[in-house]
Amino acid sequence: METIIAVKNLVKKFGNFMANDHLTFDVHKGEIFGFLGANGAGKTTAIRILCGLSSPTSGDVNVAGFDIYRETEKIKKNIGYMSQKFSLYEDLTVSENIQLYAGIYGISAKKRKEKEAELLKKLGMGEARGKLIAGLPLGWKQKLAFSVAIFHDPKIVFLDEPTGGVDPVTRRKFWDLIYEAANNGITVFVTTHYMDEAEYCDRVSIMDAGKIEALDTPAKLKEKYQASNMDEVFLQIAR
Ligand SMILES: Nc1ncnc2c1ncn2[C@@H]1O[C@H](COP(=O)(O)OP(=O)(O)OP(=O)(O)O)[C@@H](O)[C@H]1O
């Protein structure tokens with residue numbers, strides 16, 4: 001199995017506070033890796049480091065073959081990132097958002113137009129191409145934000161609570177897009193507070209107070225913790 005993210009003894013301190021306390025884990029190429037933990041466990045801190053947006057205090061981190069200390073620009077070109085908080089520009093239209101991202105990643109106008117048409121058709125959002133993001137339903141925004149994050153065919157996509165605030169049916173539909181991306185060879189690294197989503201991951205890590213306390217497939221975790229679902233596993237680990 002090929003490793004696409006290798007993390008060894010990753011530490012991130014804010015003053016004396018250790019937000020990431022010696023994290024060690026690998027993510028395999030093509031897998032859907034769930035990164036779980038209660039509020040404040042340290043997930044966003046780690047994800048920002050893996051994306052090259054923040055520097056570790058210490059530890060070795062390699063993402064998509066690039067070193068986190070020396071090659072953050074290369075990392076950024078090879079990944080996609082979607083966070084719940086900022087991903088689309090609310091006061092731009094659907095099409096303008098796509099143009100903006102395509103421009104940032106250096107995609108030609110011709111290729112962008114082709115991909116945009118294909119994408120909007122797939123999402124059933126052709127009619128909405130000239131509408132402002134601000135007026136769209138949250139589920140649509142999330143699907144579009146995800147699609148834009150992988151518009152440049154990155155090796156890895158990082159999703160930080162991508163489905164916050166929507167119902168289970170909308171979440172399930174969002175996950176169809178995640179599976180499609182994974183089938184196309186994109187590695188998916190996803191944080192979530194929803195345990196139905198944890199069940200959809202190939203492997204899941206569970207953090208508590210800056211440390212990874214468990215990491216395995218959902219089936220193995222349920223067996224180990226004698227739990228009937230991931231909710232029960234999570235409650236035994238995260239305080
Ligand atoms: N820039 C910062 N300065 C100081 N403390 C910070 C900073 N960023 C995060 N922290 C602290 O580090 C801890 C981990 O935060 P982080 O956002 O990584 O948690 P999280 O697991 O992503 O939580 P959530 O599920 O709520 O998003 C928290 O206690 C937070 O207050």
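The following exchange goes over the ligand shell, a sheet and the nonpolar core of a predicted model.

Trainee: What makes G40 and K43 part of the shell around the ligand?

Mentor: A residue counts when its C-beta atom, placed from the backbone, lies within 6 Å of the molecule. G40 and K43 are among the residues that surround the ligand, as are F14, A19 and T45, so each meets that cut-off. Helix α1, residues 43-50, gives the most to this shell, with 3 residues.

Trainee: How do the residues of the shell divide into nonpolar, polar and charged?

Mentor: There are 3 nonpolar, 6 polar and 1 charged. Gly is counted as polar here.

Trainee: Why are β4 and β5 called paired?

Mentor: Pairing takes at least two bridges between the strands. Strand β4 (residues 58-63) and β5 have 2 bridges, in the antiparallel sense, so the condition is met. F66 in β5 is the bridge partner of V63.

Trainee: What makes β2 and β5 edge strands?

Mentor: Each pairs on one side only. The open sheet has 4 strands in the order β2-β1-β4-β5.

Trainee: Which strands does α1 touch as it packs on the sheet?

Mentor: α1 touches β1, β2 and β4, and its direction makes about 120° with that of β1.

Trainee: How do you know that F158 is in contact with L50?

Mentor: Contact requires C-beta atoms within 7 Å. L50 is listed for F158, along with I47, C51, I79, Y81 and F189, leaving aside neighbours within four places in sequence, so that pair satisfies the cut-off. In the largest nonpolar core, of 58 residues, L50 and F158 are among those that touch the most other members. Helix α5 (residues 138-149) supplies the largest share of this core, 5 residues.

Technical notes. Residues are numbered from 1 along each chain as its sequence is written. This is a predicted model: local features need pLDDT of at least 70, side-chain atom pairs count only at pLDDT 80 or more; totals for chains, interfaces and linings use all residues. Two residues are in contact if their C-beta atoms, placed from the backbone, lie within 7 Å. Axes are lines fitted to C-alpha atoms, for helices over the stretch in contact, and angles run from 0 to 180 degrees between N-to-C directions. A nonpolar core is a set of buried Ala, Val, Leu, Ile, Met, Phe, Trp, Tyr and Cys residues joined through C-beta atoms within 7 Å. A residue is buried if 20 or more other C-beta atoms lie within 10 Å of its own, exposed if 12 or fewer, and partly exposed in between; C-beta atoms are placed from the backbone.
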